[in-house]
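User: I'd like to learn how to read a structure like this one. Could you walk me through it, feature by feature?

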Amino acid sequence: MTLVDHSKVAASSKIKFDRVQALEAAMLVFWKKGYGAASLTDLTEAMGINKPSMYATFGNKEKLFVLATEHYVQSVDLQHRQFLQQANVPLKQRLKNYLSSVIAGQCCEQSPKGCYISLCVSEAAGENIPQSALVKIQEVSQFAFNSLVELFKQDEEAKQLNLDVEAELHACFLMTLLNGTAGMARAGKKATELEPLLALALKGLGI
């Protein structure tokens, strides 16, 4: 029988937990400042580690950004998109729940204002992001759009409303709305000021 070294197990668990916390901190720095403006000092101070530890654990800044972006998708973006697939909830309510969740996150006082993905996509247009980071941000920027397209094409209620006919256009409309609210949130607008836009958007879709 192999004896378990509990001290190593505990240490491994602590490293895993600290790594997640560090990625969360890095994500918030990139979210607030963007890739280019986030210095290594900004990142390591927020993460609570020194530069050698950052390089040893995460690689360089570019690799850290890719990991932080993946962390954003898992910890933030998926939490919003789950509302689109709620069981036994009418389409209008699911869309409203999704849009409301995104706007609440954009205006949240506990995180940087606006949208992490929207900010990074805008920065990518200026060619200030290295290649692997650019590829990752382009990849994840399609997730929400693709989820909406799939909903409009496959949901029975959406089909009854003919939303499947121009699913990509409808999805683009909602993503344009959310990119706009992200900018307004960064400019200081509160969720209560942006929420009324949702009724107008859903009405525009004929829902």
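Analyst: Sure, and keep in mind that this is a predicted model. Let's begin with the core. In soluble globular proteins, nonpolar side chains tend to be buried together. Here the largest nonpolar core has 31 residues, and the members that touch the most others are F30, M47, L64, F65, Y72, Y116 and I137.

User: Which helices supply at least two residues of this core?

Analyst: Those are α1 (6–37), α2 (40–47), α3 (51–58), α4, α6 (116–124) and α7. Helix α1 gives the most, with 9 residues. Apart from this core lies another, of 28 residues, including A144, L151, A171 and M175.

User: What does L64 touch, leaving out residues up to four places away in sequence?

Analyst: Its list runs L23, A26, F30, L43, M47, M54 and F58. Of the well-connected core members, F30 and M47 are on that list.

User: And Y72: where is it found, and is it buried or exposed?

Analyst: Y72 is found in helix α4, which covers residues 61–81. Its relative accessibility is 4%, so Y72 counts as buried. Not counting residues up to four places away in sequence, Y72 touches M27, W31, D77, C115, Y116 and I117.

User: D77 is a charged residue among those contacts. Which side chain does D77 meet in a salt bridge?

Analyst: For a salt bridge, you look for a side-chain nitrogen of Lys or Arg within 4 Å of a carboxyl oxygen of Asp or Glu. D77 meets R81 this way, at 2.8 Å from N to O. The two are 4 residues apart in helix α4, so about one helical turn separates them. D77 is buried, with a relative accessible area of 10%, and R81 is buried too, at 14%.

User: How many salt bridges does the structure hold?

Analyst: There are 9. One of them joins the side chains of E70 and K136, at 3.0 Å from N to O. That pair links distant parts of the chain, with E70 in helix α4 and K136 in helix α7, 66 residues apart.

User: Which other residue is linked with E70 and K136 in a network of salt bridges?

Analyst: That would be E139. The side chains of K136 and E139 meet at 3.5 Å, N to O. Both lie in helix α7, 3 residues apart, or about one turn of the helix. As for burial, K136 has a relative accessible area of 11% and is buried, whereas E70 is partly exposed at 33% and E139 is partly exposed at 38%.

User: Now helix packing. What should I look at when two helices pack?

Analyst: Two packed helices are described by the angle between their axes and the distance between the axes. Take α5 (residues 91–106) and α7 (residues 131–154): the angle is about 175 degrees, and the axes are 13 Å apart. That makes α5 roughly antiparallel to α7, because an angle over 145 degrees counts as roughly antiparallel.

User: Which residues meet there?

Analyst: From α5 you have L91, R94, L95 and Y98, and from α7 A144, L148, L151 and F152. By type, the contact divides into 7 nonpolar, no polar and 1 charged.

User: What about S100 in α5: what does it touch, and is it buried or exposed?

Analyst: S100 is buried, with a relative accessible area of 16%. Leaving out residues up to four places away in sequence, S100 touches E195 and L198.

How values were computed. Residues are numbered from 1 along each chain as its sequence is written. This is a predicted model: local features need pLDDT of at least 70, side-chain atom pairs count only at pLDDT 80 or more; totals for chains, interfaces and linings use all residues. Side-chain values use heavy atoms; hydrogens and water are left out. Axes are lines fitted to C-alpha atoms, for helices over the stretch in contact, and angles run from 0 to 180 degrees between N-to-C directions. Angles under 35 degrees count as roughly parallel, over 145 as roughly antiparallel, 65 to 115 as roughly perpendicular and the rest as oblique. Contact means heavy atoms within 4.5 Å. Buried means under 20% relative accessible area, exposed over 50%, partly exposed in between (1.4 Å probe, protein chains only). A nonpolar core is a set of buried Ala, Val, Leu, Ile, Met, Phe, Trp, Tyr and Cys residues joined through side-chain atoms within 4.5 Å.
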